[in-house]
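Here are my notes on this one, written for someone new to reading structures. Keep the view open while you go through the points.

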Amino acid sequence: SAREWGPGLPLGTVSMDHGNIGQTQGAQLSKALPPSASVLVVTGPSRSSAAQERLRGLKETVRPDIQLQDTEAGQRSEAAGIIAFNSWYGLFKSRSETIHAILGQSDDVAVGARSAAIAVSNPQHVAMFEKALLFGVGACAGYGRDLVDQGKLHASVVAPPTAGTAIDLLARFWKEGRPVPLRTFNPATPY
């Protein structure tokens with residue numbers, strides 16, 4: 001095991017706190033949506049522990065009156081968001097419920113799902129999806145943050161890069177002899 005390697009080696013991992021990302025999205029939805037709202041959640045691949053942790057965090061935090069309908073995107077890309085939406089919409093189109101928000105586990109997936117949503121043939125559904133608030137994850141400068149600032153995304157979650165934290169931990173280890181924690185999580189922040 002890694003602990004048996006000894007304190008003289010800088011061994012550890014730095015990761016995003018994916019559960020915290022989901023919790024942050026849950027808080028954003030809870031604040032923005034009316035009572036008994038329905039949300040389409042476009043997750044990452046189900047085989048991904050990050051996607052599972054984000055969905056679990058979301059479900060733990062979102063108001064209990066908010067209905068979540070989830071569909072899986074095979075990747076975190078606009079194209080995968082389009083495919084995931086179209087798969088979900090094949091079942092949804094005969095229903096008469098309202099979707100108040102589309103939440104993607106990445107900004108790209110959210111944008112892809114929205115573009116597919118406003119391209120459907122039912123004009124009432126197009127109008128509904130145009131009004132639906134859009135939420136994502138990433139909030140990178142030059143893309144996600146710009147989408148929020150322009151009003152195209154209602155909100156996003158900053159998923160901070162991990163390399164800088166890892167470099168800082170290594171620098172402290174080499175300069176000060178401070179041990180590297182086995183696991184370090186970068187916290188998510190709303191945007």
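**Notes on a predicted model**

1. Let's begin on the outside: Glu60 is exposed, with a relative accessible area of 52%. Keep in mind that what you have here is a predicted model. Glu60 has a partner, as its side chain meets that of Arg56 in a salt bridge, 3.8 Å from N to O. Arg56 sits in helix α2, which covers residues 49–61. How far apart are Arg56 and Glu60 in helix α2? They are four residues apart, so about one helical turn separates them. It helps to know that an α-helix has 3.6 residues a turn, so residues three or four places apart point the same way.

2. Stay with Arg56 for a moment. Is Arg56 buried or partly exposed? Its relative accessibility is 47%, and the partly exposed class stops where exposed begins, over 50%, so Arg56 counts as partly exposed. Arg56 also has His18 to look at: the two are 38 residues apart along the chain, and their C-alpha atoms are separated by 9.3 Å.

3. Now for the other salt bridges. The count comes to four, and I'll go through two more here. Arg63 and Asp65 meet through their side chains at 2.8 Å, N to O. Arg63 is partly exposed at 22% relative accessibility, and Asp65 is partly exposed too, at 26%. Then there is the salt bridge between Arg178 and Glu176, at 3.2 Å, N to O. In that one, Arg178 is partly exposed with a relative accessible area of 42%, while Glu176 is exposed at 51%.

4. A charge can also sit over a ring, so have a look at Arg145. Arg145 lies over the face of Tyr191, at 5.3 Å from the ring centre.

5. On to the aromatic rings. How many aromatic pairs does a search of the whole structure find? It finds nine. In one of them, Phe85 and Tyr89 have ring centres 5.5 Å apart and planes at 15 degrees, so the pair is stacked; the cut-off for stacked is under 30 degrees. Both residues lie in helix α3 (residues 78–92), four residues apart, about one turn of the helix. Phe85 is buried, with a relative accessible area of 0%, and Tyr89 is buried at 10%.

6. Phe92 and Phe129 make another aromatic pair, this time tilted, with 6.1 Å centre to centre and 50 degrees between the planes. This pair links distant parts of the chain: Phe92 is in helix α3 and Phe129 is in helix α5 (residues 123–131), 37 residues apart. Phe92 is buried at 0% relative accessible area, and Phe129 counts as buried at 0% as well. Try picking out the whole cluster on screen: ring pairs link Phe85, Trp88, Tyr89, Phe92 and Phe129.

7. Next, the inside. In soluble globular proteins, nonpolar side chains tend to be buried together. Here the largest nonpolar core has 25 residues, and the ones touching the most other members are Val42, Phe85, Trp88 and Phe129. Which elements each supply at least two residues of this core? They are β2 (38–43), α3, α4 (107–117), α5 and α6 (144–149). A second, separate core has 13 residues, including Leu33, Ala37, Leu58 and Val62.

8. Phe129 deserves its own point. Leaving aside neighbours within four places in sequence, Phe129 is in contact with several residues, among them Phe85, Trp88, Ile99, Ile102, Arg114 and Ala117.

9. Last, helix α5 is a good one to practise on. Its buried residues are His125, Val126, Met128 and Phe129. Why do they line one face of the helix? Seen down the axis of α5, the buried residues fall within an arc of 165 degrees, so they line one face. Turned away from that buried side is a face that carries the exposed residues Pro123, Gln124, Glu130 and Lys131. And what covers the buried residues of α5? The cover includes α3, β4 (101–104) and α4.

Notes. Residues numbered from 1 in each chain as written. Predicted model: local features only at pLDDT ≥ 70, side-chain atom pairs only at ≥ 80, totals over all residues. Heavy atoms only, no water. Phe/Tyr/Trp six-rings, centres within 6.5 Å; stacked < 30°, edge-to-face > 60°. Buried < 20%, exposed > 50% of the residue type's maximum accessible area, 1.4 Å probe, protein only. Lys NZ or Arg CZ within 6 Å of the ring centre and 35° of its normal. Core = buried A, V, L, I, M, F, W, Y, C linked by side-chain atoms within 4.5 Å. Contact = heavy atoms within 4.5 Å. Arc of directions from axis to C-beta.
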